[in-house]
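This report describes the fold of one protein chain and the aromatic side chains inside it. Please keep the sequence and the model at hand while reading.

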Amino acid sequence: MSFSKQWNDIYKSNAHMSIWPWSDLVSNFYRHAHPNNGFIKVLELGCGAGANIPLFIQEGCDYFAIEGSEAIVSKIIKKYPELNHKVKIGDFTNKMDFFNDNSFDLVIDRGSITCNDTTSIVNTLKCALEYLRPGGKIICIDWYSDMHSDAKNGEYVDSHTRKNFPENSHLHGIGKVHFSDKKHILQIFKRNCSPRWH
């Protein structure tokens, strides 16, 4: 499983408990994938503490999620019992049979995919494309830049990924982090999302 066990510990300690929808996701959702335009069934990859859930519930979307932390999924289901059997514990870098191919209008990622190595990110994008219907969209925001102060710190995983950041880093204790520039992101999407990339 690619999911970092550190995140389960983080959520158990009630850290990183974001509760408000992320503004960049809100604006991109309304601009590019509004429910009025047929984007109703939504899959979030790595929903964390569920910060984006209120947005999609408010807009009448049929919301699903894959989240690796059993601890945080338990808290989400307690808060949103209607999402029982829709928020699944699992590794979004690998295909989950629970989700049918071509069944989602929209797949979203708010900074979860970037907490993986390059191979796992490529696998995730391939899975996301299989979940999406023709004409569906994927919105990914808040990936770490290679200009980030910690991009050269930590232990080397691959040319774009580090782990085991020093204690004085705000990335300490969260597992792998992938750092990208625009060229690298475009390469990943063009190679793995063709012919549906635009």
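Which residues form one aromatic cluster?

## The aromatic cluster

The model discussed here is a predicted one, and in it the cluster is formed by Phe64, Phe98, Phe99, Phe104 and Tyr131. The chain has twelve aromatic pairs by the rule used here. In one of them, the rings of phenylalanine 104 and tyrosine 131 have centres 6.5 Å apart and planes at 75 degrees, so the pair is classed as edge-to-face, the term for planes over 60 degrees apart. Because phenylalanine 104 belongs to strand β4 and tyrosine 131 to helix α5, this pair ties together parts that lie 27 residues apart in sequence.

Both partners are buried, which here means under 20% relative accessible area: the value is 1% for phenylalanine 104 and 0% for tyrosine 131.

## Charges over rings

Phenylalanine 104 also has a charged neighbour, since the charged end of lysine 41 sits over its ring, 4.9 Å from the ring centre. A further arrangement of this kind involves arginine 133, whose charged end sits over the ring of phenylalanine 39 at 5.1 Å from the centre.

## The five-stranded sheet

Strand β4, which holds phenylalanine 104, is part of an open sheet of five strands, arranged in the order β3-β2-β1-β4-β5 with parallel pairing. The edges of this sheet are β3 (87-89) and β5 (132-141), each of which pairs on one side only. On average, neighbouring strands in the sheet are turned by 20 degrees against each other, when direction is ignored.

At the β3 edge, strand β2 (residues 62-67) runs parallel to β3 and is joined to it by three bridges. One residue pair can be picked out here: glutamate 67 has isoleucine 89, in β3, as its bridge partner.

## Helices across the sheet

Helix α4 (residues 70-79) lies across β2 and β3, and runs at about 160 degrees to β3. Helix α5 (residues 118-131) lies across β1 (41-45), β2, β4 (104-110) and β5, and its direction makes an angle of about 140 degrees with β5.

How does the length of α5 compare with what its residue count predicts? At 1.5 Å a residue, its 14 residues should span 20 Å, and the C-alpha atoms at its ends are 20 Å apart, so the two values agree.

## Burial of helix α5

Ten of the 14 residues of α5 are buried, and the helix is therefore largely enclosed by the rest of the structure. Among the buried residues are the hydrophobic-looking names Ile121, Val122, Leu125 and Leu129, together with Thr118, Thr124, Cys127 and Tyr131.

Serine 120, also in helix α5, counts as buried because its relative accessible area is 10%, under the 20% limit. Serine 120 lies 28 residues from phenylalanine 92 in sequence, while their C-alpha atoms are 9.1 Å apart in space.

## The chain as a whole

Taken over its full length, the chain contains six helices and nine strands, and buried residues make up 48% of its 198 residues. Of the contacts in the chain with a separation of 6 or more, 65% are accounted for by residues 24 or more positions apart. The pair of phenylalanine 104 and tyrosine 131, 27 residues apart in sequence, links strand β4 to helix α5.

Conventions. Residues are numbered from 1 along each chain as its sequence is written. This is a predicted model: local features need pLDDT of at least 70, side-chain atom pairs count only at pLDDT 80 or more; totals for chains, interfaces and linings use all residues. Side-chain values use heavy atoms; hydrogens and water are left out. Two strands pair if DSSP finds at least two bridges between them. Helices (H or I, at least four residues) and strands (E, at least two) are DSSP runs, numbered from the N terminus. Axes are lines fitted to C-alpha atoms, for helices over the stretch in contact, and angles run from 0 to 180 degrees between N-to-C directions. Contact means heavy atoms within 4.5 Å. The expected span of a helix is 1.5 Å times one less than its number of residues. Buried means under 20% relative accessible area, exposed over 50%, partly exposed in between (1.4 Å probe, protein chains only). Rings of Phe, Tyr and Trp (its six-membered ring) pair if their centres lie within 6.5 Å; planes under 30 degrees apart count as stacked, over 60 as edge-to-face and the rest as tilted. A charge sits over a ring if NZ of Lys or CZ of Arg is within 6 Å of the ring centre and within 35 degrees of the ring normal.
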